[in-house]
Amino acid sequence: MNENLKSKNLVEMEALFKEMGQPRFRAKQVYTWLHKGVRSYDEMTNLPKALRDTLAEQYPIYAPQVVRRQESKRDGTIKYLWRLHDGNCVETVLMRYHYGNTVCISTEVGCRMGCAFCASTLGGLVRRLEPHEMLDQVLFTQVDSGLPVSHIVLMGIGEPLDNFDNVMRFLELVNSENGMNISMRHISLSTCGLVPKIDELAQRKLQISLAISLHGPNDEIRNRIMPVNKAYPIDELLAACRRYYAETSRRIHFEYAMIDGVNDREEHAKELLRRLKGLPAHINLIPLNHVEESPLKPSSRAAVAAFQQTLEDGGLTATVRRTLGGDIDASCGQLRRKYTKENAQKE
Ligand code: SAH
């Protein structure tokens with residue numbers, strides 16, 4: 001298992017402290033401190049100095065550094081670009097909803113899924129994040145902003161189900177009683193559609209919300225914009241969603257980025273209605289965020305409204321996502337991309 005102390009669960013931590021000849025309660029003390037977002041063992045004031053020194057030497061605390069922090073003047077959304085201990089950068093966004101502050105975290109540095117509209121995948125996958133690196137995004141966003149975080153969405157850079165074990169451990173950590181204790185029901189995980197992993201997730205029977213990035217009503221359209229569909233075509237994906245519902249009784253959320261002339265016609269809405277029939281679902285329509293490198297353009301407001309109406313008329317709950325942080329490059333991978341490009345130009 002992972003050697004970083006903050007990626008361990010309490011049981012593993014207790015085993016380690018036992019090996020070190022330390023009393024068991026020390027493990028819980030350290031666990032609790034780490035989950036408060038301390039940057040140094042010296043902040044753990046109820047620990048003997050000798051133990052702090054040993055831990056500092058054997059298990060350095062990694063904490064991300066803020067490279068950029070942008071706050072939206074319109075809606076208070078805050079976007080962080082963090083530098084990790086190896087120099088890689090990831091983004092986190094804090095959104096302030098009426099039901100609570102929500103943090104959108106990255107699960108990987110880059111992504112290998114290759115969706116045509118997404119900035120996160122342009123440079124490919126650099127590496128997967130460790131459990132504590134996901135936890136750190138939540139912890140340090142809370143520490144830096146001073147705003148209590150109650151909800152988490154795994155919708156930042158990366159494909160969470162392509163980093164399955166680390167993401168599962170992250171969920172365990174952030175949900176733990178001695179940690180942030182964030183309810184599974186307040187966590188959403190979004191995937192582009194890795195079918196075997198959706199089945200694996202279903203077996204865990206977690207109470208998280210599952211979001212599927214659908215973005216098209218059929219194979220023809222999905223193949224064009226989402227390479228993952230060639231491995232797992234839409235019927236297989238929706239069958240997995242039905243199995244997921246059968247296992248968890250959790251309604252599935254579908255994300256649908258509206259792309260001008262690609263997936264936004266009435267016939268597409270009707271096809272979607274046919275395909276999703278009988279599946280307890282909610283559709284989130286997202287006007288595409290234009291990415292500089294891509295020829296794809298957002299649908300018009302009128303097209304989005306008409307699409308929503310067709311879905312609603314057909315009995316599907318469809319909402320149009322309010323875009324937050326539009327003035328601060330707050331969509332998927334844009335800030336990291338910009339920063340990497342600027343720095344490449346400097347070199
Ligand atoms: N890899 C996961 C989670 C990260 S992306 C997934 O694919 O679901 C979070 C959401 O943002 C996904 O639905 C993704 O398709 C969408 N997205 C990416 N780029 C976008 C863009 N330019 N405009 C609108 N939505 C976008």
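**Exercise 1. State which elements cover the buried residues of α5, and work out how enclosed this helix is.**

Solution. The buried residues of α5 are covered by elements that include α1 (10-19), α2 (24-34), α4 (131-145), β7 (149-154), β8 (187-191) and α6 (195-204). Here helices (H or I, at least four residues) and strands (E, at least two) are DSSP runs, numbered from the N terminus, and contact means heavy atoms within 4.5 Å. The model is a predicted one, in which local features need pLDDT of at least 70 and side-chain atom pairs count only at pLDDT 80 or more, while totals for chains, interfaces and linings use all residues. Residues are numbered from 1 along each chain as its sequence is written, and side-chain values use heavy atoms, with hydrogens and water left out.

Next, take burial, where buried means under 20% relative accessible area, exposed over 50%, and partly exposed in between (1.4 Å probe, protein chains only). The buried residues in α5 are Phe164, Asn166, Val167, Met168, Arg169, Phe170, Leu171, Leu173 and Val174. Nine of the twelve residues of α5 are therefore buried, so the helix is largely enclosed by the rest of the structure.

**Exercise 2. Check the length of helix α5 (residues 164-175) against the expected span.**

Solution. The expected span of a helix is 1.5 Å times one less than its number of residues. For the twelve residues of α5 this gives 16 Å, and the end C-alpha atoms are 17 Å apart, which agrees.

**Exercise 3. Describe the surroundings of the ring of Phe164, and the pair formed by Tyr80 and Trp82.**

Solution. Lys197 lies over the face of Phe164, at 5.2 Å from the ring centre; a charge sits over a ring if NZ of Lys or CZ of Arg is within 6 Å of the ring centre and within 35 degrees of the ring normal.

For ring pairs, rings of Phe, Tyr and Trp (its six-membered ring) pair if their centres lie within 6.5 Å, and planes under 30 degrees apart count as stacked, over 60 as edge-to-face and the rest as tilted. The structure holds three aromatic pairs. One of them joins Tyr80 and Trp82, with 4.8 Å from centre to centre and 15 degrees between the planes, and this pair is stacked. Both Tyr80 and Trp82 are buried.

**Exercise 4. Give the strand order of the open sheet, and find its edges.**

Solution. The open sheet has ten strands in the order β1-β2-β3-β4-β7-β8-β9-β10-β11-β12, with mixed pairing; two strands pair if DSSP finds at least two bridges between them. The edge strands are β1 (65-71) and β12 (317-320), since each pairs on one side only. Within the sheet, β4 (residues 100-104) and β7 run parallel and are joined by four bridges, and Cys104 has Val153 in β7 as its bridge partner.

**Exercise 5. Decide whether Arg52, Ser294 and Glu236 are buried, partly exposed or exposed.**

Solution. Arg52, found in helix α3 (residues 49-58), has a relative accessible area of 15% and is therefore buried. Not counting residues up to four places away in sequence, Arg52 touches Tyr41, Asp42, Met44, Thr45 and Leu47.

Ser294 lies in the loop between β11 (281-287) and α11 (301-313), and at 9% relative accessibility Ser294 counts as buried.

Glu236, in helix α9 (residues 234-248), has a relative accessible area of 40% and is therefore partly exposed. Not counting residues up to four places away in sequence, Glu236 touches Val195 and Ala231.
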